[in-house]
Every structure is written in structure tokens, then in C-alpha cells.
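Here is a friendly walk through one model, from a helix pair to the cores and then a single proline. Please keep the structure open as you read.

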Amino acid sequence: MRGADPRVVLGLHRSCHERRLLTGALDLGVTALDTSTNYLGFRSHQVLARTAGDLLPKFTVSTKVGYFPGPDGVEHSLDFVRLHAAVKQAADHLGREPDLVFLHNPEHSLREAAPHNQDALVQACAALDAAVAAGTCAAWGVASWDPLPLLSLIDTTVPRPAVLMVRAGLLVGSRTLDAADALTKAWGLGSGDVWGMSPFGGSTSAPVWARIDPRVFLRDSSQLSRTQAAFRAAYHLPQVGSVAVGTDEPAHLGELVGALAGKVEERTVQEYRSLLRDHSRVVNRLEAP
């Protein structure tokens, strides 16, 4: 991989936030932790501070804002005041300022505010920019599950994030991969400024992983398992410097850290992406009226 060495970020999306996982991560040299205001029923920050407050200074901590408790469960908002307050609350609950705060899935609300999409995105990014200026967090980024709706909105009026987080891995479709690449270019980010997430599409036990052998993407596959190969390939689909991955088992995290030793065959990745694009074009033609 070009540039800096690939990095594992411990994601807490489905985690129980147990202390043993964090100590295990540190033992493995994993010192980046990613969570969100809405994880663990909007209690992630408080639980982390209570169960592992003494460990948090040993991590760089990223979190996300954008989802809020609502009358019907969970609601999404790009409102400047709510986002700015959410960053401050995150710092208060964690007992420290986050190193990085992501604007969480802005496309969720942009689809509902069509006439004012760009204004809404600018205001949301400005809220995080203001939080950095106020010292409430060290940097901000954008985490997008579906980056395609953002592409037409990016110009010089939209504040530039320090980091972009997108889906990564063999189960990501061609349109999403291409949109992630285009968004990375539009914001002038390097691959080290881009993070991947959900590298297994949700679970390593999904039936698809028994039907394919991701080791074809490696130059020397003899030492790595299929799971490790799939994880290593995710750093190139699209090109990212870090991948956030969730687990409650330090042993599984250790397996993924071990995967970083693998070398990916770039030509195979490019051939795979070409196949994905060809397949996408065929599907689009078949679905056209």
C-alpha cells in the first residue's frame, strides 16, 4: 500500500464496550478507537468513561454526531445548533475532547431537504468547524454510508473535512466505490485521510465468505486466512489508510492486526473493480425502462 502503513481502528458499533477489549486492543498496538453518540443506545460515551476512563488517554478517540434521540426512537439532523451542542456533550460525557468528530451520514437528511441540500451540508460542516475552533474537538470529518448524494454538493463553499470515512471491502458496490473516490478527490484528500468501515459487510459469518476466497487478492496467500485476506483487501476497495472494524473478541482483533502483513496485488484489485463496473452497467441497462 502506498504511503503510511495501514492502520486498524477499533470500532464500537456492535460492541459491548467491555474493558477487556480495550486492554486487549492496547496489547495488540491498536490505539485508535471509534464510536458514535448513538451507539449502545446513546450511552457509548458514558459507558466508556465509566468502565475505561483511565484507558481513554492511551487512545486517539473518534466519535460521530448527527443522530439524536427522538419521539419515535432515533432522528437525524444537520441543524447547526444541535450538532455543535452534540460535540460539546460528547466531550463532557467522555471526560475528554475527542480527537476527531465525524458528521454522521449527512446524506440521511440531505435526501429530505432537496431544495436546500448544499446549504444544509455547509451549515452542518460549519458546526463541526466551529467546534474545532472552540477547542471542543481536535479535528472533524465526514462519515458517509452512501457518498453518492454528496458528490453534486461539493464545491469551494463546503468546508473541507480532515478525514472521510466510507464503506470498504469486497461487498461494496461499484457506484459506492467510485463515489468514494470522487469525493476523496473533490475534497483534496490523500488515501491516508480516508477511513474504511464495515469491511465484512456486517459479519464474517455471512454465507458469502464461505463461497469466495479473497486470498486471490494477495501476492502471497499462504500465511493468511480468508477472513484476513478479505480484511487486507478492504484497504484497497477503495484506497484507505485506516479501517474501523468492530469485535468483542481480542483474539479476532489480533487476527485482523496480523492481516496487515499481507501484500495486496494491485492489478487484481483493478481487474475486480473493472468487473464491478461492467456488471453495474449491465444491471442498469436491464433495469432501464
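## A pair of helices

Helix 3 and helix 4 cross in a right-handed way (the near helix is turned clockwise from the far one by less than a right angle). From helix 3 come H45, Q46, L48 and A49, and from helix 4 come A90, H93 and L94, to make the contact (heavy atoms within 4.5 Å). Four of the contact residues are nonpolar, three polar and none charged (Ala, Val, Leu, Ile, Met, Phe, Trp, Tyr, Cys and Pro count as nonpolar, Asp, Glu, Lys and Arg as charged, and the others, Gly among them, as polar).

This is a predicted model, in which local features need pLDDT of at least 70 and side-chain atom pairs pLDDT 80 or more, while totals for chains, interfaces and linings use all residues. Residues are numbered from 1 along each chain as its sequence is written, and side-chain values use heavy atoms, without hydrogens and water.

## The cores

The largest nonpolar core (buried Ala, Val, Leu, Ile, Met, Phe, Trp, Tyr and Cys residues joined through side-chain atoms within 4.5 Å) has 71 residues, and L103 and F231 have the most contacts inside it. Helix 6 (a DSSP run of H or I, at least four residues, numbered from the N terminus), residues 117-133, gives this core the most, eight residues.

Beyond its neighbours within four places in sequence, L103 touches several residues, including V65, L78, L121 and A143.

## A proline in a loop

P161 lies in the loop between strand 7 (140-144) and strand 8 (163-167) (strands are E runs of at least two residues). P161 is buried, at 0% relative accessible area (buried means under 20%, with a 1.4 Å probe and protein chains only).

Technical notes:
Buried means under 20% relative accessible area, exposed over 50%, partly exposed in between (1.4 Å probe, protein chains only).
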